[in-house]
Amino acid sequence: MGLSELWFVLIAVLFIGFFFLEGFDFGVGMATKFLARDEKERSIMVNTIGPFWDANEVWLLTGGGAIFAAFPHWYATMFSGYYLPLLVVLLALIARGVSFEFRSKVPHSRWTSSWDWAVFFGSLLPPFLLGVLFTSMLKGMPIDQEMNMSGGFSDFINVYSIWGGITVTLLCFLHGLHFLTLKTDGDIRLRAAALAKKVVYAVLGALVVFVGLTWFMTDVFQVRLVPELILVTFIVVAYVLSNVFISKQREGLAFTMSGLGLSFTVLSIFVGLFPRVMISSIDKAFDLTVYNASSGSYSLKVMTFMALGILPFVLGYTIWSYYIFRKRVSDKEHLTY
């Protein structure tokens, strides 16, 4: 494996880590409007992700930075072509982060309610728009021989990309419900488990439709038939097992399975792309690949040494923070957010 391929794998790992970790943050944020019955329950739910959400977002920033450093042509094409949806993602993440800090500062229902809507939309829009982005990349975008992308409305917004966004949003919502069964007690925990048992059927249905659309509207199964079929099998098995475990009150295993299902879904996107990083709908000769979009070998070599040196500390800190804040959040505790 060359350095270009290695960095493609590392970027895939970063986005898988982002969706596994930030995915449950998004799910909890969405659940505040579907599951919580009053303001106190919303505060409990927000406090379950309070120690984690900002560190989890770092995975997305690191993934974007890795694309910039390792594949500058990919970065330039994607971030300029998807400027508007990425800007909305950024603004939504900012609004959500601010709302966590501001929602409890003024003891007034209208103030708190306004910031609660910011939590909801700040958790709903990013997974939906990122799902639209990645699935439209699989379908192909109008990229010319100069690596410039000039997409029209139908290139961004179509049946496939919208369904991809809905599917990713549902996956994150289910992941968040499983996280709530791990981090809360009492009635919230029971209602989160009950809702998760229902949402899993919507998730499986959405995945079946998404796989069908992918089969007919992209070349993913043509170029990576066996790996993609294996991943689809793993995804279905993971979500079926998540439902089995949550029914048996094995919340930790259920959360792990929903995380694996989400991770395998993101992995299937990168497997379908490789060795391409962006697919041109104009001409296959204009595809961006890990070879024609990468940095020079010296830059990749220096980055590899830096990444290998820093990564153990980042992983160690992440594991330690989850260990420290491993206890459940109850209404008897002081609620920070």
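A salt bridge here is a side-chain nitrogen of Lys or Arg within 4 Å of a carboxyl oxygen of Asp or Glu. The model is predicted: local features need pLDDT of at least 70, side-chain atom pairs count only at pLDDT 80 or more, and totals for chains, interfaces and linings use all residues. Residues are numbered from 1 along each chain as its sequence is written, and side-chain values use heavy atoms, with hydrogens and water left out.

**Exercise 1.** Describe the salt bridge between Arg-189 and Glu-251.

Solution. Step one is the distance: the N to O separation of the two side chains is 2.8 Å. Step two is the location, with helices (H or I, at least four residues) and strands (E, at least two) taken as DSSP runs numbered from the N terminus. Arg-189 belongs to helix α9 and Glu-251 to helix α12 (residues 251-273), so the contact ties together parts 62 residues apart in sequence. Step three is exposure, where buried means under 20% relative accessible area, exposed over 50%, and partly exposed in between (1.4 Å probe, protein chains only). Arg-189, at 23% relative accessibility, is partly exposed, whereas Glu-251, at 10%, is buried.

**Exercise 2.** Place the salt bridge of Asp-219 with Arg-276 in the chain, and state whether Asp-219 is buried or exposed.

Solution. The closest N and O atoms of this pair are 2.8 Å apart. Asp-219 sits in the loop between α9 and α10 (220-223), and Arg-276 in strand β1 (residues 276-278), 57 residues apart. Asp-219 is buried, as is Arg-276. 

**Exercise 3.** Locate Asp-187 and Arg-37, then find the network that contains them.

Solution. Their side chains meet in a salt bridge at 3.2 Å, N to O. Asp-187 is in helix α9 (residues 186-217) and Arg-37 in the loop between α1 (3-34) and α2 (39-49), 150 residues apart. Asp-187 counts as partly exposed because its relative accessibility is 38%; Arg-37, at 61%, counts as exposed. Through shared partners, salt bridges join Arg-37, Glu-41, Asp-187 and Arg-191 into one network. The whole structure has 14 salt bridges.

**Exercise 4.** Which helix gives the most residues to the nonpolar surface patch?

Solution. Patches are made of residues with over 30% relative accessible area and no salt bridge; like charges are joined within 9 Å, nonpolar side chains (Val, Leu, Ile, Met, Phe, Trp, Tyr) within 5 Å. Accessible areas come from the Shrake-Rupley method with a 1.4 Å probe, and for residues only the protein chains shown count as cover. The patch, whose members include Tyr-83, Phe-102 and Trp-111, has about 890 Å² of accessible area together. Helix α5 (residues 83-102) gives the most, with 8 residues. Trp-111 lies in helix α6 (residues 109-139) and is partly exposed at 31% relative accessibility.
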